[in-house]
Amino acid sequence: MAWPNPFRVRNENTRTCWGYTFQLTPEHLTPEKTHPMKFSYDTLGEQALDRLNELSPPPRSALPRNSNKYAEAKPTSDTGKQADNSDFTPKRDLYILLRDHAHHDETLGKLWREVNAVPTWVDWEQIARGQEVFYRYGGPALTGLCFQSLLGGMGANRVVETLARTGGFSTKVARHRLFETTQHILQCTQSLQSIQPGGDGFASSIRVRLLHAAVRQRIMKLAQQRPEYYDVEKWGIPINDLDCIATIGTFSATLVWLAFPRQGIWLRQQEIVDYIALFRYIGYLTGTPTDYFETPEKARTVMESLLMYEIDPTETSKTLANNVIRSLEAQPPQYASRAMLEANSRWLNGNELCDALGLGRPGLYYWGLVAGQCLFFMAICYTYRSIPYLDRRKIAALRKIFWAVIVDGKYGLQQETTFDFKYIPDMHKTTHLEDSDKSGLKQAGIERRNLQALLLGCGFLSISAVVGYRIVSGLAKHFVYSLV
């Protein structure tokens, strides 16, 4: 929900896109400037993928998945010995392949040197502070990433054409896909060592870069065989530079200037600078042009430019957005109803965009629950960040809790993903709108918590109003008696 601003300047440069109002400047990108970026992409990543496939060919269908030498170990039994499972298919790890062959191959060495050469603009202390920002506002951050960055991002009509062709956003796998993306973010923010060369977040970023190259190659190959499969002229090269810039923007700028404020959270200026710097470096590792995130101001103008020219929902957008809702409905550990999920989406994206995405219109009760959720987030975030000791405790705790729930937990991934190519574009594969098979909530979940927060918030405001009224009345009476 966009909060009204009575002091906002309105003139001929004022623009409102999907409920977000801003001032158009010469720094904003135009369609003429962004068009070439739809046809440029990470060529080095593709060249490296080609060499990796030559060194360790994927079996049968051009999938960078399996090999022998660089495979994961077989699963072990309870006794610690390797289980005898003839059906087990080992997976290759493209990052390990790249690392081990970088010193013997020119192309792989070029990519390896690039990602290990830390840019001069990287300040590790600033990166560490940016990582802490994510956990300082952990609850609203995950909510914003899910309902605005991901679900609201389905309004980008070009991007969804690539997503739909992977089949990764059917109701059966969309939740798992969401957790995989979250794992990457958690690995990049787990610790400073994790994002530095050789760390888990560093390695995952390289894996994601190579995964993007694999998806791009696969779709382009199919489009060459049958041009009507994917319209390159209309939608651009899959996962192009503009798409990658938009992705980094949805994880950073969109969170800072849309998702957080709409939940009542406003970051301090230094936090904004640090958080944008963190994702600028992540963008560098994943092969994304980084100049657009050089400063918070540049990141914000890119976000606003893409809102103007890239968000235009289609039927494919509706399909993917509704599949995301259905995949999350009544799922542990939150057990949120569809109406609650749709209320979250509308609060963060606005009615105009959600109507265009074909989402349902929940009743006032669920809007109240989201309001209660925002009150809960505001109380927790502002209280803890104001006390350094509690702030440090919270950040350390959420690092463990998020990983335990999303990656290790029985309702999460249950094991780390290596971002292998498993959502495979195919000539006969696309994503369709699916029905939900949820029969109803089994537990109260977050809706009870949000209701409690709403009632407590209303109670607090009521008591404050009564106390304030009595104080003002007493002062007024005292003032009147003093005049007499």
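Begin by selecting helix 3 and helix 10, which are roughly perpendicular to each other, because angles from 65 to 115 degrees count as roughly perpendicular. The model on your screen is a predicted one, and this pair of helices is the opening stop of the tour. With helix 3 covering residues 94–101 and helix 10 covering residues 200–225, you can see their axes come within 9 Å and cross at roughly 100°. Two packed helices are described by the angle between their axes and the distance between the axes.

Next, show the side chains where these helices touch: on helix 3 select Leu94, Tyr95 and Leu98, and on helix 10 select Phe202, Ala203, Ile206, Arg207 and Leu210. If you colour the residues of this contact by character, they divide into seven nonpolar and one charged, with no polar residue among them.

Now turn to the salt bridges, of which the model has 23 in total. Select glutamate 310 and arginine 158, which form one of them, with their closest N and O atoms 3.0 Å apart. Glutamate 310 sits in the loop between helix 15 (296–309) and helix 16 (315–328), while arginine 158 sits in the loop between helix 6 (138–150) and helix 7 (159–166), so this pair ties together parts that are 152 residues apart in sequence. Are these two partners buried or exposed? Both glutamate 310 and arginine 158 are buried.

From there, move into helix 7 and select glutamate 161 together with arginine 165, a salt bridge in which the closest N and O atoms are 2.8 Å apart. Both residues belong to helix 7 and lie four residues apart, which is about one turn of the helix. Glutamate 161 has a relative accessible area of 8% and is therefore buried, since buried means under 20%. Arginine 165, at 11% relative accessibility, counts as buried for that reason too.

For another salt bridge within a helix, go to helix 16 and select glutamate 315 and lysine 318, whose closest N and O atoms are 3.3 Å apart. These residues are three apart in helix 16, so about one helical turn separates them. Here glutamate 315 counts as exposed, because its relative accessibility is 55% and the cut-off for exposed is over 50%. Lysine 318, with a relative accessible area of 28%, is partly exposed.

Finish with a group of charged side chains: select Glu132, Arg136, Arg268, Glu271, Arg385 and Asp391, and you will have on screen a set of residues linked in a network of salt bridges.

Methods
Residues numbered from 1 in each chain as written. Predicted model: local features only at pLDDT ≥ 70, side-chain atom pairs only at ≥ 80, totals over all residues. Heavy atoms only, no water. Axes fitted to C-alpha atoms, helices over the stretch in contact; angles between N-to-C directions. Helix = DSSP H or I, 4+ residues; strand = E, 2+ residues; numbered from the N terminus. Parallel < 35°, antiparallel > 145°, perpendicular 65-115°, else oblique. Contact = heavy atoms within 4.5 Å. Nonpolar A, V, L, I, M, F, W, Y, C, P; charged D, E, K, R; others polar. Salt bridge = Lys/Arg side-chain N within 4 Å of Asp/Glu carboxyl O. Buried < 20%, exposed > 50% of the residue type's maximum accessible area, 1.4 Å probe, protein only.
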